[in-house]
Amino acid sequence: MLETLTDVQALSLDVLQFLTQPKPEVLRGFPGSGRRFLAMDGRFVLVATARDPGIYEYAGAMRQATNNHASVTVHTGSSNVTPAQYMQAVAALAPDVWVALSDDVPSDCRPDRAAKAVDRSAAWLSECMSVAAAAPELSGAAVFAAVQGGQYLRERQRCAETMAAQPGVAGFVLAGLGTGESPSQRRQIVEQVVQRLPAAAPRLLCSVGTPEEMLEAVAQGIDMFDMGYLAGVTAGGYALSFPLDPGAQQQQQQQQPMPASSGSASTDKAPAADGSSDADAAADGGQDCSKINLWAVAYRTDKRPLLPGCNCFACANHTRAYLHHLLQAHEMTAQVLLEVHNTHHYLQFFKAIRASIAAGTFAAYHEGFLQRRQRLLMGAGW
Amino acid sequence: MAGPPPMVAPSPQPGSSSPALHFEVLAQCGRARAARMTLPHHTCETPMFMPVGTQGSVKGLTSQQLLDLQCQVILGNTYHLENRPGAELVADMGGLHSFINWPRGMLTDSGGFQMVSLLHLADINEEGVTFQSPTDGKRMLLTPEHSIQVQNRLGADIIMALDDVVPSTAADNARFEEATHRTTRWIDRCIAAHSRPHEQNLFAIVQGGLDERLRDISLKGLVARNTPGYAIGGLAGGEDKRSFVRVVSQCTAGLPEGKPRYVMGIGYPLDIVICSALGADMYDSVYPTRTARFGVALVPQGVLKLKNAAYVQDYRPLDEECGCMVCRRYTRAFLHPLAAKGLPFAASLISYHNIAYTMRLSGQIRRAIIEQRYPSFVREYVAQQYPRGGVPDWVIEGCQLAGIELDLRAAGQGAANGAAKAADGTAPAAEHVPHAEEDTCSRATAPAASSGGIGKEAGACESGSLAAWRQEQQGHG
Ligand SMILES: [Zn+2]
Ligand SMILES: [Zn+2]
């Protein structure tokens, strides 16, 4: 399925999945690289991270960490990992980019715990880097340092400054977000951290997902995101349906009269997305109008693709009605098809973001989303 | 069933034409035959294996992947599809082909088997099968007319008659006798109810349990009805395999030479090889995909149980001869942890390979028949599965019935139950469990599996965690 997603640039891998099953030796023993073992095509940038957004357990990570080891969530539950063990797995994967092991704490941890996380993460970064210096597999790989500190600006600032001062760090991860902080807290944290990072170094933000959240982060200077949000959307049976350029769409609609089939109720309500209907809005009820819920009975006989106009594999081959049926029947193909569509849609979204930045129109692009949100809020009478 | 006159080619080979099916034997080798069967949606090469997409999806695979795997016909289960999403909805969506986006052949069963095997409260009388609705608990009646009406709505290329199913292991002779005659009476009702004979082919199903006399009665009665094709039913339900091959042999011999013969519920590779030797053309089973969900891969030597620690650092592909997408990209060592963790991704990949294996086997069978070397193909296949002897009696008997002499010089012949071949972990072959053992194993675990409310289709060994995963996958169904 991956090969149908032609716009994939990078793949993120959870190092923690390669600590025990399979063990690093298994990847190492494979004739060729760890990446060939995993059948990861050479055209992708492979990013090894310390947290799989798909199985991350809230606050699970901080349970039993000590100065010597992190406590991490793996398939079988929680497990301890030292920087040396972690780096063994990283070396076996031979990625292009690897994220140093950090003491991952949630936003709402206590301030002393956040401070300890900053100290440990800094110590572990040095430890990981000295292991990497001796590993020939990682000679060409770039290291990203994780900035921790919970919701405490002082700790976040201190961590950013410490990490930025470490020579040899190629990029930075804004870690531990999406764990209970408010949107304004997150905005502040991102702003404060980004200010303290070298201007030329890439910045990766974890666990942030909605289109609006991502646009805001991009506006704040974030370059890379993980796709944890998509895993949750897909597992919930949703297909992303937000327009890729709501500003342009709005202009078009103002020039063209609304088609009669839009129905009477929609006169005071903007359509949710390209080609979507009242039924979509109804099925989306209470949601943020950026996705449709394929579990909804409204799609039982809907012959349209997940998102009209989308040219992903799922949309090119299957209807909403079929996806609704597959979900109802608990067929795993439902998840496969939704994941293909959702990943494709986000890749197109990022293509549009890059294009607008290149054209110098990002602010207007971003504004199009904000206005759409405004219209939806008014239309829904919230 | 007066079809247009067959397009007569100067060919000595048997064949037949029905309004929606053209069947042409291309080559015969002993009792085995290779044929071409033209259905409204696809021209198929037989012998062929048909994967099962119970609820409109072959578990873990997309319809595009099934095309990539050269699948020719896939099955849908009428009982499940009528329950959800409902045949009327499927018809509104343009039929099953369009609903699931599958351009090639499809076959639906009558729904009767599922009712009898899944529901405790099924009760059969002359009118039909009475059962308790799993959704609202109401008593409902499935008649031959209703089954055909539902299948007409689904729109598959081949539809199956409602038959009076008795498990082949049931002991009551009177019940078998009744069921045999009733199945023949019901075929007339099915034919009368069939509203789309120019687009869909109704196959009759031979019944009669393991009784030669009853099978003969069933064969004569159904052959006289001249349906476009025939199925051999009432097997694959846990009967002893010697009886199984005898019944298949009797039925293929008694069915018209120029019409397709379908042995229902067959998916173990060795069963396909032996049934093809006896002149059968079509098979279906959930086995390749279900066993994949337990982490079991099919290989020429038998099966690989990928959860086994023996594969932790085994960098070979599942099957060195396969060349499917999974075998080209992934190793046993890669699949082992995924299977051990019970991830759906493992189930998808192993399902893909297992279907590829079964399709490749069908192709090898066809080629061997066309090239007039099927007996040696069978000998090699059996030798590969039983490298140290211990070929089961039923295989020997099946080959004898097919006129194929097996090479049984290997030591240990006669014990025939394969139990002596406990895995000793030394030779690579010890990792492989021949299908016969897998078979035994599945029987041993069958009561446990069925107590979980899962169907009684061909099973496989499973551990607690994957069984739970399977229940989750299949749950609510
Ligand atoms: Zn799509
Ligand atoms: Zn393969």
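This section describes two zinc sites, two helix pairs and several local features of a predicted model.

Chain B contains 18 helices and 17 strands. The chain has 477 residues, and buried residues make up 60% of them. Contacts in chain B were also sorted by sequence separation. Among those with a separation of 6 or more, 66% join residues 24 or more positions apart.

The zinc ion (ligand 2) is held by chain B. Its protein donors are B:Cys322 (SG), B:Cys324 (SG), B:Cys327 (SG) and B:His353 (ND1). These donors lie 2.1 to 2.3 Å from the ion. The 4 donor atoms subtend angles of 98 to 119 degrees around the zinc ion (ligand 2), and the arrangement is therefore tetrahedral. Tetrahedral geometry requires all angles to lie between 85 and 135 degrees. For four tetrahedral donors, the ideal angle at a metal is 109.5 degrees. Along the sequence, the donor residues of the zinc ion (ligand 2) follow the spacing C-x1-C-x2-C-x25-H. Distant parts of the chain are linked by the pair B:Cys322 and B:His353, which stand 31 residues apart. B:Cys322 sits in the loop between β17 (302-305) and α12 (325-329) of chain B. B:His353 belongs to helix α14 (residues 344-370) of chain B.

Both of these residues were examined for exposure. B:Cys322 has a relative accessible area of 12% and is therefore buried, because the limit for buried is under 20%. B:His353 is also buried, at 0% relative accessibility. Residues up to four places away in sequence aside, B:His353 touches the donors B:Cys322, B:Cys324 and B:Cys327. Its other contacts, on the same count, are B:Ala297, B:Leu298, B:Leu318, B:Asp319 and B:Val326.

Chain A holds the zinc ion (ligand 1). Here the protein donors are A:Cys310 (SG), A:Cys312 (SG), A:Cys315 (SG) and A:His341 (ND1), at 2.1 to 2.3 Å from the ion. Angles of 101 to 117 degrees between the 4 donor atoms make the arrangement around the zinc ion (ligand 1) tetrahedral. The donor spacing along the chain is C-x1-C-x2-C-x25-H. A:Cys310 is located in the loop between β11 (291-293) and α11 (313-317) of chain A, and A:His341 in helix α13 of chain A. The pair therefore ties together parts that are 31 residues apart in sequence. Both A:Cys310 and A:His341 are buried.

Helix α13 (residues 333-358) of chain A also packs against helix α7 (residues 211-219) of chain A. The angle is about 30 degrees, and the axes are 12 Å apart. The two helices are therefore roughly parallel, a term applied to angles under 35 degrees. The crossing of α7(A) and α13(A) is right-handed. From α7(A), the contact uses A:Pro211, A:Met214, A:Leu215 and A:Val218. From α13(A), the contributors are A:Tyr346, A:Phe349, A:Phe350, A:Ile353 and A:Ile357.

A second helix pair in chain A joins α3 (residues 83-93) and α4 (residues 111-133). Their axes come within 9 Å and cross at roughly 45 degrees. α3(A) and α4(A) are therefore oblique to each other. Their crossing is right-handed. On the α3(A) side, the contact is made by A:Pro83, A:Tyr86 and A:Met87. On the α4(A) side, A:Trp124, A:Glu127, A:Cys128, A:Val131 and A:Ala132 take part.

A:Leu244 occupies the loop between β10 (238-240) and α9 (246-255) of chain A. The residue is partly exposed, at 28% relative accessibility. A:Leu244 and A:Lys351 are 107 residues apart in sequence, yet their C-alpha atoms are 9.5 Å apart in space. Leaving out residues up to four places away in sequence, A:Leu244 touches A:His345, A:Gln348, A:Phe349, A:Ala352, A:Tyr365 and A:Phe369. One of these, A:Phe349, also takes part in the contact between α7(A) and α13(A).

Helix α12 (residues 320-328) of chain A is mostly covered, with 8 of its 9 residues buried. The buried residues are A:Arg320, A:Ala321, A:Tyr322, A:Leu323, A:His324, A:His325, A:Leu326 and A:Leu327. A:His330 follows α12(A) and has a positive phi, near 55 degrees.

Methods:
Residues numbered from 1 in each chain as written. Chains lettered and ligands numbered in written order. Predicted model: local features only at pLDDT ≥ 70, side-chain atom pairs only at ≥ 80, totals over all residues. Heavy atoms only, no water. Donors = N, O, S within 2.8 Å, 3.2 Å for Na, K, Ca; no water. Tetrahedral: all angles 85-135°; square planar, octahedral: opposite > 155°, others 65-115°. Helix = DSSP H or I, 4+ residues; strand = E, 2+ residues; numbered from the N terminus. Buried < 20%, exposed > 50% of the residue type's maximum accessible area, 1.4 Å probe, protein only. Contact = heavy atoms within 4.5 Å. Axes fitted to C-alpha atoms, helices over the stretch in contact; angles between N-to-C directions. Parallel < 35°, antiparallel > 145°, perpendicular 65-115°, else oblique. Left-handed = near helix turned anticlockwise from the far one by under 90°.
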